[in-house]
Amino acid sequence: MGQPVEGESGQRDSGGGAQPELPPGQRIQRGWPVTHYGPVPKFRPERWEFRVFGATADSEKHCWNHEEFTALPYTSVVADLHCVTKFSMLGAEWGGIPARTILAAAPPAPEVTHVMVWAEYGFSSNLRLADFASDGTIFATHKDGELLTAEHGFPLRLVVPHLYAWKGPKWVRGVEYMTADRRGFWEERGYHNVGDPWREQRYSYQEEPGDGPEL
């Protein structure tokens, strides 16, 4: 018997059609709880800017204001959201700008292996470049056809469906290309450096050699 195949929604297909299988330790959540650290930032469109910097292919910083960023090609992804606090929200439709669009518009240098996603108040989350570049990774502006609320990350949050939700920060302001891994905010505070919910990679003490830099 073959291995289960993971679909776009994060659900697994065992051969008889997609079934809502959950990662270990998760429970289905009706509705969308608000979970975040710190205050909700006030959105000021005239001051908002999205930056791509670090090890870019042309060694330049690339910037978009809010009008320019929201004019980038819009798409949607149907995907689950798995929170490390053990709830899972299944089959949400996320609308926004694919991470691959940003990679194409501001290419990384060949030696880039990781990215740091930066958000308001200096919050950060690190990702392997392959995770950032995956098909489902999206800078979301909408959920289920409606603009995100401020509490859920408006004007922009990253969604990385195949990793725990903390890997996709709310209130994103930019991406740093890195040639070596560096831990983000929660990863420095005891969360797993990779964060795969199907392997239940919740905490740093579960890490194996190669999962991340030393704390």
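Entry 1. Before looking at holes in the structure I wrote down what the word means: a cavity is a set of grid points where a 1.4 Å probe fits but cannot get out, and its lining residues have an atom within 4 Å of a point. The model I am reading is predicted.

Entry 2. I looked up the cavities. I found two of 30 Å³ or more. The largest holds about 60 Å³ of space. I noted part of its lining, including Asp80, Leu81, His82, Arg157, Leu158 and Val159. The elements that give two or more residues to this lining are β7 (75–82) and β13 (157–159). Sorted by class, the lining of the largest cavity has eight nonpolar, two polar and two charged residues.

Entry 3. I went on to the second largest cavity, with about 40 Å³ of space. Which element gives the most to its lining? I noted β10, with three residues. Among the lining residues I listed Asn126, Leu127, Arg128, Asp131 and Leu163. The classes here are three nonpolar, three polar and three charged residues.

Entry 4. I stayed with strand β10, residues 124–128. Four of its five residues are buried, and I recorded the strand as mostly covered. Its partner is β9, residues 114–119; the two run antiparallel and are joined by five bridges. Val117 has Ser125 in β10 as its bridge partner. The two strands form a hairpin with four residues between them, and in the turn Tyr121 has a positive phi of about 65 degrees.

Entry 5. I turned to salt bridges. Side chains of opposite charge can pair when their charged atoms come close. The count for this structure is nine. I looked at three pairs.

Arg100 and Asp135 meet at 2.7 Å, N to O. This pair links distant parts of the chain, 35 residues apart: Arg100 sits in helix α2 (residues 99–105), and Asp135 in the loop between α3 (129–132) and β11 (138–143). Is Asp135 buried or exposed? Asp135 counts as exposed because its relative accessibility is 58%, and the cut-off for exposed is over 50%. Arg100, at 46%, counts as partly exposed.

Arg183 and Glu207 also form a salt bridge, at 2.7 Å, N to O. They are 24 residues apart, and each lies in the segment after β14 (172–178). Both Arg183 and Glu207 are buried.

The last pair I noted was Arg202 with Glu200, where the closest N and O atoms are 3.1 Å apart. Arg202 has 3% relative accessibility, so I entered Arg202 as buried. Glu200 has a relative accessible area of 27%, so I entered Glu200 as partly exposed.

Technical notes. Residues are numbered from 1 along each chain as its sequence is written. This is a predicted model: local features need pLDDT of at least 70, side-chain atom pairs count only at pLDDT 80 or more; totals for chains, interfaces and linings use all residues. Side-chain values use heavy atoms; hydrogens and water are left out. Buried means under 20% relative accessible area, exposed over 50%, partly exposed in between (1.4 Å probe, protein chains only). Two strands pair if DSSP finds at least two bridges between them. On a 1 Å grid over the protein atoms alone, a cavity is a set of points where a 1.4 Å probe fits but cannot get out, and a pocket is an open set with protein on both sides within 12 Å along at least five of seven lines; lining residues have an atom within 4 Å of a point. Grid points are joined across faces, edges and corners, and a volume is the space filled by probe spheres set on the points. Ala, Val, Leu, Ile, Met, Phe, Trp, Tyr, Cys and Pro count as nonpolar, Asp, Glu, Lys and Arg as charged, and the others, Gly among them, as polar. A salt bridge is a side-chain nitrogen of Lys or Arg within 4 Å of a carboxyl oxygen of Asp or Glu.
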